[in-house]
Amino acid sequence: MRRSAGARQPSQTRLNPWVLILPSLALALFVIGYPLYNIVFQSVHAVSRFGLIRGFCGLDNFRQVFADPVFLASLVRTVWWTLGVVGGAVLVGLPVALVLNQDFYGRGLARVLVMLPWSVSLTMTAIVWRWAFNDEYGMVNVTLQRLHLISGPVHWLASSTLAFPVEILVGILVSVPFTVTLFLGGLASVPGDIYEAARVEGASSWQQFRRLTLPLLRPFINMAIVLNVIYVFNSFPIIWVMTQGGPSNSTHILVTYLYERGFRLGKPGEAAAVSLIMLLLLFAATALYLKIQPREGGAA
Amino acid sequence: MQARLSQRLTQVAGALAAAGLFTFLAPAAQADTVRVTVAYYSDQTEPYFKEMAAAFEKANPGNTIKIEMVNWDTLQQKLQTDIAGGSNADLAIIGTRWLLDFVKDDMAEPLDGYMNPTFKGRFIGAFLAPGQIGGKTYGLPIAASARALYYNKATLTKAGFPAGPRTWDEVIAASKKIKAAGGYGFGLQGKEIETDVYWYYSLWTNGGDVVGANGKAAFASPAGIKAATLYKSMIDQGLTQPGVTNYSREDVQNLFKQGRVSMVISAPFLAKQLKKEAPTLQYGIAPVPMGTTHATYAVTDSMVMFKNSKAKATAWKFLDFLFTKAPRVAFTSREGFLPTTREEATAPAFADSDTKAFVSLLPTARFAPTITGWEDTAKAVSDAMQAVYLGKAKPADALRAAAAEADKALGK
C-alpha cells in the first residue's frame, strides 16, 4: 500500500485493504497468538511434569535457565551450528545452482538427484546417517577402511570434537536442496541478453559472475540466508537422533536442550522460558540481518 | 442414464437412513468407552491389546475399549499434552518412576477401593510395592523386568569361564583373553537412556547406593569411585568395545548379537531377540558380576487410572480382566517380561531356564526409588559417566559434581 495512492483516494477506500485482509489477519493472530500466550503463561509459572500449573513463580524459570552452564554453552553452540550450516549450505548451494543452470545432457536427472534429500523426512535422514556413522558396521568407516584411508574404525559420534562437525555436515547436506531451489529460481529470472552484452564487451566469465550474476542473485541469497537461519536455528531431528545432545551435553543446541528440559526432565516451565528466549533471539537476528542488508527492489 | 443415477442415489440414501436408525436402536445399556494409552514394547504389543479389547467387548457387550499406542520415547510427551489439554485417556501405562508426579498432581485414582484382598493377593509382592505411595496403591505392575549378564558361551568357554564370570575380576580376566583372541570382552553402554543404570550395576555390586536413606545423592562415595574407575580402566585396557560413548543400549546388544562383544548386561527381552535374530549364538545368563555383593536392577511399568475418568467402573473391569491369568501369561510371554502375578508364574511358559535365571535374581533386586528428581539424577550421572569414559574428568570430581547437581532436584 503506497502512501501516494492512498492520499488521492477518499478515506473510505483506505480502509478497504484492511477489511479485505481482516479474516486472514484474525486467523493468523489466533494461530500465532494462542500458543504464544500459552508459552508466556507457562514460562512464568511452576508447571508439573505432566503439564499442570502449580502456581505463579515470576521469573524463576528464566533465572534457573540462565544459571545453567549447559544453557549458555548450548547458546554459543547454536550460533556455531547456525553459522556453519547456513554458511555451508549457501557456499555449496551457489556453485551447484550455477552448474544445474547450465544446459547439459542429463541435467534433469542431476536436478532430481540434488533435490532428492529434500523429499525424505529429516528424522529419517538423521537415522540413516546415525547408522552410516556407526563405529563397527557403518558405511562411512567401512568405505574409508576399504580405501585404506584409515587403519581402524573412527569413533565419529563418541565425542563432540567429531560428532558436532559431522552433525553440521549432515545439516548442510539437508539444507542444500532448498537453497539450490531458491537460487535456481533467481537464476531463471536473470535475462540472458546481459551476458551476451558483457561477452561482447570482453568480460571474462569470472567478471560476469562477479558483476552480473552475484548482484542480481543478491535478493535470493538474502532470502536463502534468512529462511535457512530460521529453519536451522530451530532444527531438532539431526542432533537429537544422532547424539541427543551428548556425550556429556557437548552437542546440545538450544532446541535439543529445550526438548530435554521439557520432555525428559519434566520441566515444561523452564522449557517454555527457553523457547521464549529462542523466539526473541530469532527475531533479533532476523531484524538485524534485514537492517544491515541494503534494501533491494523486488524479491527481498 | 440420469434416471438410473438418481435411482441409485435414492437407494444409497435409504440405506444410510436405515443404518442411522439402527445406530440409535443399539443397546442403550451402560455403554462406556474406555480409552487406554499403551506403550509400544514390541511389534506384539498392539495385537495383544487389540485382542484383549475385543475379548473384553465380547464379554461386556456395549462397552468399547479404545487402544492408543505410543512409542516409549514420546509417551511422556503424549501424556503431558493430553493432560494439559484435558483429553487424557481413562487408563494409561506409565513408567513407575513418574507415578509420584501423577499422585502429586492428583491425577491418579487410588485403586484400593476397587481391590479386595484376593485381588491384591494375585500379585508378587515385590512388584506391587513400587506402585504404592503413602500406603495407597496407584499403579498395577503391567510389565516387570530385571537385569542379568548375558555371555557368549563359545568365547567364554575358550577364555576359561564356561559358566560365565561371577565377579568383576573374572570379567576382566576373561576380557583379556577374549581381546587377545581378537574380540571385545565386556560391552559397555555409554549413550542415551540407561547409561546411568549401566554404571549402577557396578556401583551396587561394589556396595554403593544411588540415593541414601536421607534422600540425598549417595553415589559420590568410595564405592562409586571404585565402580567408575573399574569401567574406566576396562576402557583404557581395551577390554570393552572402543568408543563406548557412541553405544546406546541397542547398539551394545547388536554387537553381542553379532558375536563381537562377549558379555552384556541386559533384560529378559534380549533372550527373545537372540532366539529370533541370532539363533545360532550360544548364550548363557549369569547374575550381574559381583564386586563385594550381589545386586540387580528391577523395573516395573504401571497401569494407572486417571482420576478424571468418566468410566471408572468399566475401566476397572478391564483392569481386572487384564490381570487374570490368561491375559497375563499371553502378555508376559509374548513380550519377554517377568511374571508379576503368582498364577501366571506357574504357567509352563515361564518354566524355561532363561526366565528362571532372572526370577532367581529378584531377591537381590533394587528398584528405582519413588522420589522426585530421579530423572535429574539419571541425567547428572549419565553426563558424569560420559565425561569419565571420555577421560574428560576424574571419577571423584565427576561424581562430586553430579551429586551436587542431583541434590538440586532430589526430593524437591
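## Chain B: charges, fold and aromatic pairs

Chain B carries 45 positive and 37 negative side chains, and the centres of the two sets lie 3 Å apart. Lys and Arg count as positive and Asp and Glu as negative, with His and the chain ends not counted; each charge is placed at NZ of Lys, CZ of Arg, CG of Asp or CD of Glu. This is a predicted model, in which local features need pLDDT of at least 70, side-chain atom pairs count only at pLDDT 80 or more, and totals for chains, interfaces and linings use all residues. Residues are numbered from 1 along each chain as its sequence is written, chains are lettered from A and ligands numbered from 1 in the order in which they are written, and side-chain values use heavy atoms, leaving out hydrogens and water.

Overall values for chain B are listed here.

| Property | Value |
|---|---|
| C-alpha span of chain B along its principal axes | about 85 × 50 × 45 Å |
| Buried share of the 412 residues of chain B (under 20% relative accessible area, 1.4 Å probe, protein chains only) | 54% |
| Area exposed by chain B (Shrake-Rupley, 1.4 Å probe) | about 17400 Å² |
| Carbon and sulfur share of the area exposed by chain B | 58% |

Over all chains the structure holds 47 aromatic pairs, meaning Phe, Tyr or Trp rings (the six-membered ring of Trp) with centres within 6.5 Å. One of them joins B:Phe123 and B:Phe323, 5.3 Å centre to centre, with 55 degrees between the planes; the pair is tilted, as planes under 30 degrees apart count as stacked and over 60 as edge-to-face. The two residues are 200 apart in the chain, and both are buried.

How values were computed. Helix = DSSP H or I, 4+ residues; strand = E, 2+ residues; numbered from the N terminus. Buried < 20%, exposed > 50% of the residue type's maximum accessible area, 1.4 Å probe, protein only.
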